[in-house]
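Let's take a walk through this one, following the empty spaces and what fills them. Have the viewer open and keep the sequence handy.

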Amino acid sequence: MRYLTFALTKGRLANKTLEMLEMLGITCEEMKDKSSRKLIFVNEELKLKFFLAKGPDVPTYVEYGAADIGVVGKDTIVEEGRKVHEVLDLGFGKCRMCVCGQEEARELLRHHELIRVATKYPNIAKDYFYNKKHQTVEIIKMNGSIELAPIVGLSEVIVDIVETGSTLKENGLVVLEEVCPLSARMIVNPVSMRMENDRIKELIVNLRKLLQEG
Ligand code: PRP
């Protein structure tokens with residue numbers, strides 16, 4: 001039997017995924033050793049391999065078939081636009097993609113003014129403003145701490161992830177518009193989906209059952 005390889009998003013999403021897999025009896029003891037510098041972990045018995053990657057790299061590994069299966073946020077799937085099958089909403093990592101800014105920016109949005117939008121997600125921002133809202137804006141790609149942009153006057157608004165809303169609140173910002181809801185998703189390489197259909201289907205069915213049981 002060939003190995004099925006999983007690419008997991010380093011951090012909370014990977015931890016949550018491993019917890020779920022463990023409930024199905026799929027474990028990876030090696031991975032629990034936090035002091036290890038190892039990058040890839042094997043479950044010989046079940047013929048599975050796991051590795052951790054940065055979110056935006058997960059769809060890349062899956063598109064090229066270096067991983068059969070990936071777990072990553074919906075935000076990253078949409079932003080990266082890779083050729084992968086999204087097969088399951090895992091229900092955790094729930095948050096929202098939003099347009100945020102200071103309250104005063106609401107009027108600028110309403111009047112379709114030519115504003116600046118800072119974001120880590122330029123493709124999502126472009127699609128939202130150009131295709132959905134038919135509003136011309138200037139998009140500025142940033143790499144993190146996006147909430148700074150409207151505070152220091154780089155942009156009028158941001159397109160960013162809101163989970164609890166506390167980052168916004170602590171910085172005097174508000175949600176102005178909602179772009180879409182987000183959560184962790186399972187993605188599959190299209191060729192793997194055909195070649196390993198039985199094993200992957202079984203995994204999806206079992207995960208779905210687990211999700212329904214709550
Ligand atoms: C994300 C996001 C917000 C924050 C939202 O940032 O970009 O800044 O979390 O969470 P909250 O609504 O619960 O406050 P992340 O911590 O991933 O880091 P980043 O600033 O580098 O993007």
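A good place to start is helix α3, which gives the lining of the largest pocket its largest share, four residues. Keep in mind that what you're looking at is a predicted model. α3 spans residues 74-80, and it isn't working alone: α1 (12-23), β4 (69-73), β9 and α7 each supply at least two residues of that lining as well.

So much for the elements; now for the space itself. The largest pocket holds about 870 Å³. Its lining runs to 37 residues, and if you want to find the middle, look for Asp 75, Thr 76, Lys 120, Tyr 121 and Ile 161, which lie nearest the centre. Sort the lining by class and you get twelve nonpolar, 13 polar and twelve charged residues.

What takes up the space of the largest pocket? The ligand does. Around the ligand you'll find Lys 120, Gly 144, Ser 145 and Glu 147, then a run from Asp 160 through Ile 161, Val 162, Glu 163, Thr 164, Gly 165 and Ser 166 to Thr 167. Strand β9 (157-162) contributes three residues, the largest share of this shell. Both β9 and helix α7 (166-170) supply at least two shell residues each. By class, the shell has two nonpolar, six polar and four charged residues.

Now zoom in on the polar side chains that reach the ligand's oxygen atoms. Thr 164 has a side-chain N or O atom 2.5 Å from a ligand oxygen. With Lys 120, a polar side-chain atom sits 2.7 Å from an oxygen atom of the ligand. For Asp 160, the distance from a side-chain N or O atom to a ligand oxygen is 2.8 Å. How much of the ligand does the protein bury? On its own the ligand would expose 490 Å², and the protein buries 66% of that.

Before you leave, there's an enclosed space to visit too. How many cavities of 30 Å³ or more are there? The count comes to one. The largest cavity has a volume of about 40 Å³. Its lining is made up of Phe 6, Thr 17, Met 20, Leu 21, Val 71, Leu 90, Met 186 and Leu 207. Seven of these lining residues are nonpolar, one is polar and none is charged. Helix α1 provides the largest share of the cavity lining, three residues. You've met α1 already, as it also supplies at least two residues to the lining of the largest pocket.

Notes: Residues are numbered from 1 along each chain as its sequence is written. This is a predicted model: local features need pLDDT of at least 70, side-chain atom pairs count only at pLDDT 80 or more; totals for chains, interfaces and linings use all residues. Side-chain values use heavy atoms; hydrogens and water are left out. A residue is near a molecule or strand if one of its heavy atoms lies within 4 Å of it. A polar contact is a pair of N or O atoms within 3.5 Å; within protein, one must be able to donate a hydrogen and the other to accept it, and residues adjacent in sequence count only if both atoms are side-chain atoms. Accessible areas come from the Shrake-Rupley method with a 1.4 Å probe; for residues, only the protein chains shown count as cover. On a 1 Å grid over the protein atoms alone, a cavity is a set of points where a 1.4 Å probe fits but cannot get out, and a pocket is an open set with protein on both sides within 12 Å along at least five of seven lines; lining residues have an atom within 4 Å of a point. A molecule sits in a cavity or pocket if more than half of its atoms lie within 2 Å of its grid points. Ala, Val, Leu, Ile, Met, Phe, Trp, Tyr, Cys and Pro count as nonpolar, Asp, Glu, Lys and Arg as charged, and the others, Gly among them, as polar. Grid points are joined across faces, edges and corners, and a volume is the space filled by probe spheres set on the points.
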